[in-house]
Amino acid sequence: MSFFQRLLQGTAAIGLGMSAWPSGLAAVEPGGIEFFENHIRPVLVQNCYKCHSEEAGKAKGELLLDTREGLLKGGEAGPTIVPGDPKASLLLKVVSYENEDLQMPPKNKLPDDAIAKLTKWIEMGAPDPRDGKSAEISDKGEFDIAKRKAEHWAWQSVPRDVQPPALDADAGWPRTSIDQFVLARLQQAKLSPSGPASRQTMIRRLYFDLTGLPPTPAEVEAFVSDTSPIAYENLVERLLASPHFGERWGQHWLDLVRFAETRGHEADYPIPQAYRYRNYVVRALNADVPYNDFVVEHVAGDMVKQPRLDPATRENESAKGAGFWHLGEATHSPVDIRGDECNRVHNQIDVYSKAFLGLTMGCARCHDHKFDAISTADYYAFAGYLQSSGYHLKDVADPVAQDSAHKKLAKLRAENETRLVTEYAATVKTRVSRIGDYLPVAAKILNEIPTGEDAPKPADYIASHPTVKAVAEAAKLNTDKLAAWVAYFDKARGSVADPLHGIVKVALGQSRGDSLAAMRKLEADTTAQAKSVKIIETVEEGERNYVKSERDWRAEDMVADYRREQDSGEWFTGGKQFGAGPMKAGSPVFGNDPKRPIMEFNENGAARNDELSTRFSGLIRTRTFGVNGDMLWYRYKGKADVFMAVNSHRQVAGPLHGIVRQKLDSKGDEWKWHGHRVRDYIGFRVHVEFTPRGDFALERVQFGGSEPPVIRPVNSRLAKLLESDTGLAKGLADVFVSAATDLAGGKAGRETAQLLNWVIRHDNLLERPADLGQAAAGFAAYQKQRSDIEKSIPGASWALTLLDGSGEDEPILVRGNHKSPETKLVPRSFLEALAKREAPSRGSGRMALARRMVDPANPFVSRVVVNRVWHHLFGRGIVETVDNLGATGKAPTHPNLLDFLASQLMDRDWSLKDMIRQVVLSSTYRQSSKPNMASAKVDPNNYLLHRMPIRRLQGEVIRDRLLAVSGRIDKRQFGKGPMVHITPFMRNNRSPGGSGPMDGDGRRSIYVEVRRNHLEPMLMAFDKPTPFSTIGKRVVSNSPAQPLIMLNNPFVHAQASIWADALLNSGTSATGELVNLAYQQAFGRDPEPWEAEAAVGFIEAQKKETGNDSLKQPLIDLCHTLFNVKEFVFVN
Amino acid sequence: MPRPMSRREMLGRCATGFGAVALSSLLADPAYGKAKSPFAPRKPHHDAKAKSVIFLYMDGGVSQVDSFDYKPRLEKDNGKPFSAKINPTQFDNIGKTLKSPWNFKQYGQSGLNVSDLFPHVGEMADELCVVRSMTSKFSEHNSANFFLHTGFGVQGRPSMGAWMSYGLGTEATDLPGFVVLNGGLIPSGGWDNFGNGFLPASHQATVFKTGKEPLADIRPRESRPGVQQAKLGLLNKLDQGVLNRLGKVDELESAIANYEMAYRMQAAVPELIDVKGETEATRKLYGLDSKYDPTRTFGMQCLIARRLVEKGVRFIELTCPRISGNDRWDAHGGLKKNHGDNSRATDQPIAGLLRDLKSRGMLKDTLVVWSGEFGRTPFAQGSNGRDHNPFGFTIWMAGGGAKPGITYGATDEFGYRAVENKLDIHDMHATMLHLLGMDHKKMTYFFDGRDMRLTDVHGHVAHDLIA
């Protein structure tokens, strides 16, 4: 909690109790009124009334200071003063300029004297003679969601029974229902549609609109001469089925999600795997994934139960959709990390709402939407979904294979576990059979070894001692083993962590009673210590001046405790590695070592990645929690990378925040504590992720001052032994045997595990029959079966997506200021105007959100997308403002048509290809684009579509067309794509090393890297939008950079040269024929005679100029000129 | 098909070499009139005091307490722990209070205190309108740069120059409205600091570099003179055919007209950067004779800025020269060398620019603004650096209707936080627009469901700064 949050909470609580108090105060303090009049009123009038008085007509921050009531009530930020308590008074905080975000008066700090007077006045109890009622101020009263919803067309559900209008006369023009809608509007305006465009025009139009590539001369020829009555329909089908369809429409989509592969800002760090999202979009559009599913994948693709697979790689496609959330810009080392988060989340909400809903939810960050039925609560209710969902690089390799392997491994284990542990248990008796022989001898020897500074090490002593060997031989003991026993005793007597510590002490001479008492004391002491853990809280006093304070440990300081079973609301894992829950105490961990088939028995419950197979990938994360202590402690074993996401911040690259990353490595089999210093983030919301690097087990995550103690409970079996008269050595062996019996009987628990782990870890002390018989064979068979299944686990493949964490709600931030949160949280929910407020019970609730979005009752998703289709095919949507169907958007030109199309989309399985097909088959789309003066007078902006518009091609299409016409194009699909070409001109002090090829390897533009700080200059000049927000409608501008590029850019020149070479290799050298061919390739048509003449004339003139008979350079120059003809960058 | 001789053909035939074509007749032709150009000058909202802006961007953030905001208290506290409350900083490596290693001296009638970093600019003190109470919202370069340039701390919003080009067009006929003279350093956040955001791409900065190719793709690549003209002649013919075939629609006509501007730029840009015609005295004034490379670089930028103003370009931004061994003004360590080298590069050229504008009578309607994205801390980072400080720093304006010879606002006694007449970046934008004749609340572009502004929903014109 920031200083300011605490301040607000503190004062709010006090303020309530105070409100009745001050009215009588003035009378109590006789000089008070005078003091107010002399010193306070003038300060208020001069400095505050301008913005906070009825007279000035301003109540900024909903605060009025011109009455006592107003002053005491305060504004959005809470009560202004607490009479009698200057320290708790907001007024003094703000006038002292302590808080950067709330300083008053805004422009000038008050003189110190005035501040002193205000302090004194509050100390006096704030005597204030001003009475009168403070005006009611709230602009919230005007905001009425139901009214807003009722008043604007776009919130009304899509009528499902819109019929095309009846026409007076249609002259045979309409081909489809669309045409009936369009013609009816034209007829109302007494206009007629234009005649049909030529076949040559139509094939170009269709190629560019559906694939973004020009037709080849042969394709044009085939279509123009096709006599089939359905030649056009056939062409449409062919293009809809083209693999390049998804590349053209994918580019449109990428504009909506501000697609880029780097994060911009100072260092332009890469966004890992971003290109896979692009490829996913291309594939999804080619596969005509129903749009409702496509939306679900974007919002909750990571949670789809049966994900869609990429047929080529069998990767989880659905999860990749949710990658779009994290394609935005990101800062490293933000000083104000929460402010940075709010901006990031804002961008996510902004993009989400415009792209899918055509609504500007972003406007509701600071206040209720000024025009639409979107409240500030809606905005923060939505922000909660994002707070509950983390950035995630997920292993998307064949999920079916992963599932199947996981299930098989679980089944294999379930089928074999009882048998294997029983067989193992049966070997324990043999193993411990000679403890009774070694134990007393070892104890005796150890007791004889002199102690003191010069004392020999037990092993040396044994090796050099003349009688040990004799003793060993006499007792039929193995000398090495005996030495090991002695060494073990030496170690165990000093280690309370050793489960046999108490036994060893007795063996070495301590009385049973004393030893048992010591064990019990240890248990009591460690239990007490664990209960009395202190937390060092670092409280900000001001912002950088910390005060340390100590408090007792509380239950909420336990962040995650995997010793117990988790319910599904607190188990957050990505990938399969950690299974469905923590591993239980007493469970065996099966290894691959034939000599040690059981690695260990799990003593306490723990999250472990080795229960089934570490070949799966994955991570485990905690819930989101507030940092409330100096140190966070992890109890773990094995190796893992730790990442603490503070306010969901990811781009860590110094100088700040490096500490959020930690590496865990226990370097052995022991459980360890790792302390993570998190003091810099006290008051912040965080979660911690653990990504294993090998075997990894995590027992708990908790706050603590110093390293938390480990409770050392007395093992009841050993206690019983010490309480009995049984001989120590024999008794101990019996204890092990009885633990093994319990294990075989399915009664394993913590104590059993502890004892049997001792057996496993002290193999060198125990008997090891050469052949463990049945057990060894059983284990070998199991290991073989397991490793066979493991081979079917696919190698990891990473993609960007989300991962659900704990359900987190956000408070409203007053005026969008993250330092002014309200205390109440807004439950996560979709827009109130569209769905009942219904907080999800656990997890983020994104899947339910996605389902609500695509419910036919939501009028936005379907309308927005069909309108986008229309926009891309006609250059203007039925609603021109394609990203904004709200009240400030443009009204639809054909509202009924829009509803008709939306309804059709839903009726026809949300197929976008079907929608595009319907449009391009219409007579409306097949009109000529030739302007008609008479119609233009009535409909100058062509809103009624009396002709097809002439459209400037998008930058990517122009570049692709250059490559296609020159023949350089490489139509390969997918992959990572080439790095962007850093032109010498672009290169600067912040450029990355290296550069992509100038022609992008001939790849289509959609595959060329989008590097935020080095955007392709040619594409930018032709209005490719900066990737920062949803851009459904690109600006079409006219800048001198465009002709300069087309005239002078080396890439364009290179393409002219490649093209000319290809022409010269075409088998003809007749200038006229070359010109014809060039025209066919460039424009999909033959030149008109005068054009041919001009072109040939140009070539001849150039030849004459050079005095050289070579055709090559003049042809290059002609090709370059043709690139610059406007027909090359426009489609009619 | 008989065809009349086109303007292109005329051009082609008249040409005796690149750049030698007389263009005046072309410009007078209503068919290619300014109405079609995105840069056509537009009427301001009110009478403008300034016609053009030269924005001297001090990349990385100049230390106010070492330049224009003299604080004796720092001398007293030097080496002691900083005694005021400290906000979190970018590097979180707080050292002791650090006095300025430079001496301060009063200049001119106004008696402005200027450190030895800026002796030349100091001489121009009576032209300066110094604001000592500027604030920003961000402690990181990238966000602060975006904020300074676009009024938002995030990527993708139009740069102030783009807004001014959009709002006012340009008086220049052969150059666009917004030009950046890149001295070698591109600010953190990259080219986006000069982007058009959601405005049409025509308003993005045209970035000039020093060197052989001052502007991307400005140099014709044809190997022989006359080839480009021949191509353009053919092109014009073929384009007329396109108009005939497809129809005379605005989109096509504008695109054709656009080639005229590009063609003129091909000639205008080399002319512009060819300063041979400038007198020896002028060249010296700008420091073009300096032995120090970066001074010559920045001097050339300043001189070209003046020439751009003469052409009528609306907004010219200068970025700093790249000085080896220094990371712009961003003196996290080695303050003395860093600021010393940077001032050596910029001081004389800036003073020269002001003097030159003044003597040519151009200063009165040219607004010069000198600013970094934030200032620096009065306490040390480590032992001899200063960290970022958005809480109070100094900028200055000169000419263009800014009140000369004044200082405005103040920081606290340490020079850490603005406490008197606090201004923020939005106020600076509002004031600049006001001087250009634009009401910052009326200059809008519809995007995101609302009328967007350079000043978003903030900003006040600082009338006290206006002459």
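**Cysteines**

Decide whether Cys129(B) is buried or exposed, then find how far its sulfur lies from the closest cysteine sulfur.

- Step one: the relative accessibility of Cys129(B) is 0%, which makes this residue buried. Buried means under 20% relative accessible area, exposed over 50%, and partly exposed in between, with a 1.4 Å probe and protein chains only.
- Step two: the closest cysteine sulfur belongs to Cys302(B), 19 Å away, which is too far for a bond. A disulfide needs two cysteine sulfur atoms within 2.5 Å.
- Step three: widen the search to the whole structure, and zero disulfides turn up over all chains.
- Step four: Cys366(A) fits that result, being in no disulfide, with its nearest cysteine sulfur, in Cys363(A), 9.2 Å away. Cys366(A) is partly exposed at 36% relative accessibility.

A word on the ground rules. The model is predicted: local features need pLDDT of at least 70, side-chain atom pairs count only at pLDDT 80 or more, and totals for chains, interfaces and linings use all residues. Residues are numbered from 1 along each chain as its sequence is written, chains are lettered from A and ligands numbered from 1 in the order written, and side-chain values use heavy atoms, leaving out hydrogens and water.

**Backbone exceptions**

Locate the peptide bond before Pro105(A) and the one before Pro655(A), and state whether each is cis or trans.

- Step one: recall the background. Most residues other than glycine have a negative phi, and most peptide bonds are trans.
- Step two: the bond from Met104(A) to Pro105(A) is cis, with omega near -10°. Pro105(A) sits in the loop between helix H5 (90-95) and helix H6 (112-123) of chain A. Helices are DSSP runs of H or I with at least four residues, strands are E runs of at least two, and both are numbered from the N terminus.
- Step three: the bond from Gly654(A) to Pro655(A) is also cis, with omega near 5°. Pro655(A) falls in the loop between strand S13 (631-646) and strand S14 (661-665) of chain A.

Now say what sign phi has at Arg258(A) and at Asn942(A).

- Step one: phi of Arg258(A) is positive, near 40°, in a residue other than glycine. Its loop runs between helix H12 (245-256) and helix H13 (274-286) of chain A. Arg258(A) is buried, at 2% relative accessible area.
- Step two: phi of Asn942(A) is positive too, near 60°. The loop here lies between helix H33 (933-938) and strand S20 (951-952) of chain A. At 7% relative accessibility, Asn942(A) is buried.

**Sheets in chain B**

Give the strand order of the open three-stranded sheet in chain B and name its edges.

- Step one: the order is S2-S10-S11, with antiparallel pairing. Strands pair if DSSP finds at least two bridges between them.
- Step two: the edges are strand S2 (94-97) and strand S11 (385-389) of chain B, each pairing on one side only.
- Step three: strand S10 (residues 375-381) joins S11(B) over four bridges. Ala380(B) has Arg386(B) as its bridge partner there.

Next, work out which way the residues of strand S7 (residues 206-209) of chain B point.

- Step one: use the pattern. In a regular strand the side chains alternate between the two faces of the sheet.
- Step two: Thr206(B) and Phe208(B) point one way, Val207(B) and Lys209(B) the other, and all are buried.
- Step three: S7(B) runs parallel to strand S6 (residues 178-182) of chain B, joined by four bridges. Val180(B) pairs with Val207(B).

**The interface**

Find how many residues of chain B are in contact with chain A, and how many salt bridges cross the interface.

- Step one: 99 residues of chain B contact 90 residues of chain A. Contact means heavy atoms within 4.5 Å.
- Step two: about 8,000 Å² is buried between the chains, with carbon and sulfur atoms giving 56%. This is the accessible area (1.4 Å probe) that two parts lose on being put together, summed over both.
- Step three: nine salt bridges cross the interface. Each has a side-chain nitrogen of Lys or Arg within 4 Å of a carboxyl oxygen of Asp or Glu. One of the residue pairs forming a salt bridge is Arg224(B) with Glu1105(A), at 3.7 Å from N to O.
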